[in-house]
Structures are given as structure tokens and as C-alpha cells.
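Reader: Could you take a close look at how the helices pack in this one? I'd like to go through the contacts slowly, and then hear about whatever else is worth a look.

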Amino acid sequence: MGIVAHATPYDYSFTTECLENPKKPQYDGGIVTNPELKDGLRGWVSFGNPKLEVRRSKTGNEFIVAYQRNRSVDSVSQKFFMDKEKLYTFSAWVQVSHEDDAIVVATFKTPSGFYNAGSTIAKSGCWSMLKGGLTVNESGSAQLYFQSENAFIDIWVDSVSLQPFTKAEWRSHQDESIEKVRKSKVKIQVVDSEGKPLANRTLTIAQKFARFPFGCAINSNILNNQDYKNWFTSRFKYTTFENEMKWYSNERIQNQEDYSKSDALLYFAKSNGISVRGHNVFWNNPNDQPYWVPNLAPWQLAAAATKRIKSIMRRYSGQVIAWDVVNENMHFNFFESKLGVTASSKFYTTARALDRSAALFLNEYNTIEQPGEGSASPDAYLRKIRQIRAGGYKGPLSIGLEGHFTQVNIPYMRSAIDKMASARLPIWITELDTQPGYDQAAFLEQVLREAHAHPAVNGIVMWSAWSPNGCFRMCLTDNNFRNLPTGDVVDKIIGEFFGAVVMATTDGEGVIETSLIHGDYEVRFADAYLSEKDTQSSRMSWGFKVEAMGSSQDVLNINIMG
């Protein structure tokens, strides 16, 4: 059930290249009429009061131009019927006529409101790809248009695509991706001591450790609460400390460092085999500094920052798997405003010298959550990576996408991760939560499934550290550590992907063929099939590992002697 035959495959592709000619529209344009403008203005009208015309480039490419614009929304437009039960992926190629780069946003006007589907930073002289997606709250007419705050530029558009998918088709994309990137095919043969196949023997195949990192934040409340410890350690092997590694926690008073809480949390994590992400060395928000930091002169801030990064990273080097080196340096620029535009680059250079084993992350919100957010849009994030490189840092980088969802737009989320994947850097969802409300748990499941299934995502940490006075936004349990609906969702996901147990019976050749999530496994004979002689003479369990294979067609062969 839930498997869709002949579903249109999802196109994960995206390029940041600015091209002389646009590429063909994805899905051949989907439901867009005249997507490549080969039939004049058929299907296209004006939105607002611009003038429209179809032009032809020197290479023979046809495209539509909205010119003599007077308002940000003056552009080309096309109408569609959109179904609230479907998910839509959108793409187009855009260019602007002159002046500086401009943000161009694709928007859908519906009777119930306006939906931004995505944006790109368009240039003059070459074509940029815009990719996004949306769902609508009610079925009905929708009008696509493009907007740019710069009303003095012409907007050029070509290769437009709007592709609808049913929910079953969308889920099939997730299932296909998981089979391809999270699982490997396994062939287990069971034989007796003489090498003869044992038919009709039932095995229990239990995952003991998942290769894909899935975790949750904690805080110091866990240190003296055994119920919290029990609940957490039975589920997670990855964590981030909510506040205990932040500068304002470690040095509330200048030159009086206190790592007692972070030390205790790290000891707890190490004692339970839990890997820790270091969060964070610096936070670029001026309101989240130690109280004494904002008043420092630039030269004093430089010295204090150098002391800070050396102090925390030398203390925990080799003990954490990652560092959020500069947190939220697209929304905020505290250090750049005080120390210059290359401040982040210098921090990453220093961090790399202090800890060469841990991954060094940028970390931002509203990159995958909000299609209308300009500060940390995928394009802005990719530009920030280029700026850090241009500032002198040439070492490894990783992408942190916080994932604080106030609204859930799964098609946009997928397209935004597609865009981030073009950087070819490791990607983690680092602080995932969903807005409180009656549908919080349902939204959480949607987001977790989408994140885990995306081939570019390498790990997920939820932002649900427990506090007796309430969590940041999303608790998983009540104060007695009984699951809330969100906690039930997490257990469901863990049972499906991070602790799965499979019962299977050998065929006539003693063989079981299946596909398993990457991780460490233990296989046992089901008790009903163990005779007294078996119990005394046979091994009771066997361990094996399932790793990513070179090809989805490769098979891991495991032989077991019963």
C-alpha cells in the first residue's frame, strides 16, 4: 500500500551557474502552457501594468520580457487551477535587463492569499535558475507572477515549469530515495554445520545502530533527572547542548570562565556513547552576546574573540563531531560590523587549526522553512559560503539548516535542499522543530520524513531539550516523560529507520533477501525454531554491518551457520 506505479520521478537537479541560454524546463513544463515561449504569448498575460513581448536571442532562444515596469509586481503571468491535495514543484529561468543583481521571486496569487514559491538572484547577461515549490490551502484558480523590488529593470523569463504530484507520488519519491541512498540489498544464507541450507528457519534481524545520525538537543536538566536520562538514552546517539556551550554561558563575566555545565553534559554524553555537536563558538546576533561584549572597542573584541575560540575549542577538540563556528551570520553581522567583512572567514581559519577532526558548520534559519525569506534564502546562503572562501578560508565547510518551521511547505523544503546540495558540502538539519498547535505532530512527521529521505541530508538533530517550564517550541514528552503526540511521531520514525526489527523466513535454499537501512545489525534464530540441541551447540546471534554499496544493484552476502 502507498506504492505508486509509474509515478513521475522527482527532478532533484539544480545549478547555480549563470548560463548563456536557459536549460529545458523541468518535466517539459508540467502544466504550464507554452513554457519555452515557442508559440508567442499564448498562455501568458501581464500582471499589473507592464508591457510584454517575446524576444529571440542571437542563439535562437525565445523568451518573454516584462518591460516598462512601474511596480515590484509588474511582470508576466499565467493562470492555473491548483488542487489543495497536491504538491507542486516550480522552476523557471530568469534574467534582468541591466544594473546590479536583483532578487526575483515567483509568487502565486489565490483567492485565499499569496504564496511565494521560491526566488533567485538574477543577473544581467545570463540566465539564472529559480527553483521552488508550494501547496495551497484551498483548490481553485491561481495566478503565477514574478516580482522584484527594483521596478526599473526588465524581467526576462523562460523555461517555466509547474509540476503537480499527488501525496502518494510524493511519498513514493521519498521511498525510492531511501531505497537508493539509505539502504543496501542484503542476501543472508543459513546453513548447518555441514554447509547444507536450512530452509524455513525464521530469523529476527534487529538494527542496533543506525549509520544516519538522528538526535535531539539536551540541556543541564538531564544531569539530575534519571527519568529524562532513561527516556533520552533509549532513543538517541546524537545531541547538541541547547545553551551550555554558548559564550554567554561560559563567560558571563569577563575573564571568569565556567565550563562546569558543558563539562558535565559532555561526560554524560560520552558515558552513554552519544556524539555531540559543538554549539556554538560565536553567535552573530548582537542580542546574544555576553553582556560585556557589545561595549568592547574593536581591538578589545578581537582579543576577546581570539581568547574565546581558543578556550572552548582547545577544551573540547576531539570530543565533539562538529562545531557551529559562527551561528546565524546571514541574519546578523555583529562581528563583521566590529571586526570587518572577513571576520567569519578568520574564525573558520582559526577553528580549522584548533580542531582538524570536527566538521565546521555554518548554521542558519529560514533557508528551508520560509520561501519569502531573503536574508538566508538558499541563494543568500550559497553566496555567504563564497564570501567566506573569498575572505581567505579554504578548508572544509558544512551546511547547517536549523529547520524551525512555523509553516510547513514540503515542496519548497525539498527544492531548497536541492539548491543547497549544489554546493556539494555535507548538510545537516540542526535544530528541527515545528510550531505549537493541533497539527504540530503531523507537521513534524512530514518534515522528518522529507529530511531523512532527501539524498543530500547527512544528519538530523531536533531542538526539543526538555525543561520543567516548557521547551523552546516543541516538547516530545510531558514532565513525567510520557510521550506527547510529537514524541509518538519520533518513536514511529525511530522504529521505522533507526531501530528496525525484521522477521523473515529462509526459502528452500536457506536464503533471505531483503534491503536494510545502513547500520549495525544482530541476527538471531526465532526462539520457536531453536531445539535444545540448537541452544547448546549453536551460536545464538550474529552481528553484521550494512554499509552504502557502490551501486544500488550491489548485494551484501552474509553466511550464517545454524
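**A close look at helix packing**

Author: Helices H8 and H9 run roughly parallel to each other, because their axes cross at roughly 20° and anything under 35 degrees counts as roughly parallel. Keep in mind that this is a predicted model. H8 covers residues 378–390 and H9 covers residues 410–421, and their axes come within 9 Å. As for handedness, H8 and H9 make a right-handed crossing.

So who touches whom? On the H8 side you'll find Pro-378, Asp-379, Tyr-381 and Leu-382, and they meet Tyr-412, Ala-416, Lys-419 and Met-420 from H9. Sort the residues of that contact by character and you get 6 nonpolar and 2 charged, with no polar ones.

Now set that beside another pair, H1 (residues 167–182) and H10 (residues 440–453), whose axes are 8 Å apart and which pack at an angle of about 40°. That angle makes H1 oblique to H10. The crossing of H1 and H10 is left-handed. H1 brings Trp-170, Arg-171, Gln-174, Ser-177, Ile-178 and Arg-182 to the contact, while H10 answers with Arg-449, Glu-450, Ala-451, His-452 and Ala-453. The mix in the contact of H1 with H10 is 4 nonpolar, 3 polar and 4 charged.

Leaving the helices, there's an open sheet of 4 strands to look at, with the order E22-E12-E24-E25 and antiparallel pairing. Its edges are E22 (501–505) and E25 (541–546), each of which pairs on one side only. On average, and ignoring direction, neighbouring strands in this sheet are turned by 25° against each other. If you want one pairing to trace on screen, try E24 (residues 519–525) with E25: the two are antiparallel and share 6 bridges. Within that pairing, Val-523 has Trp-542 of E25 as its bridge partner.

One last stop is the salt bridges, of which the structure holds 29. Among them is the one between Lys-123 and Asp-101, where the closest N and O atoms are 3.0 Å apart. Lys-123 sits in the loop between E7 (113–122) and E8 (128–134), and Asp-101 in the loop between E5 (86–96) and E6 (102–110), so this pair ties together parts that are 22 residues apart in sequence.

Terms used
Residues numbered from 1 in each chain as written. Predicted model: local features only at pLDDT ≥ 70, side-chain atom pairs only at ≥ 80, totals over all residues. Heavy atoms only, no water. Axes fitted to C-alpha atoms, helices over the stretch in contact; angles between N-to-C directions. Parallel < 35°, antiparallel > 145°, perpendicular 65-115°, else oblique. Left-handed = near helix turned anticlockwise from the far one by under 90°. Contact = heavy atoms within 4.5 Å. Nonpolar A, V, L, I, M, F, W, Y, C, P; charged D, E, K, R; others polar. Pairing = 2+ DSSP bridges. Salt bridge = Lys/Arg side-chain N within 4 Å of Asp/Glu carboxyl O.
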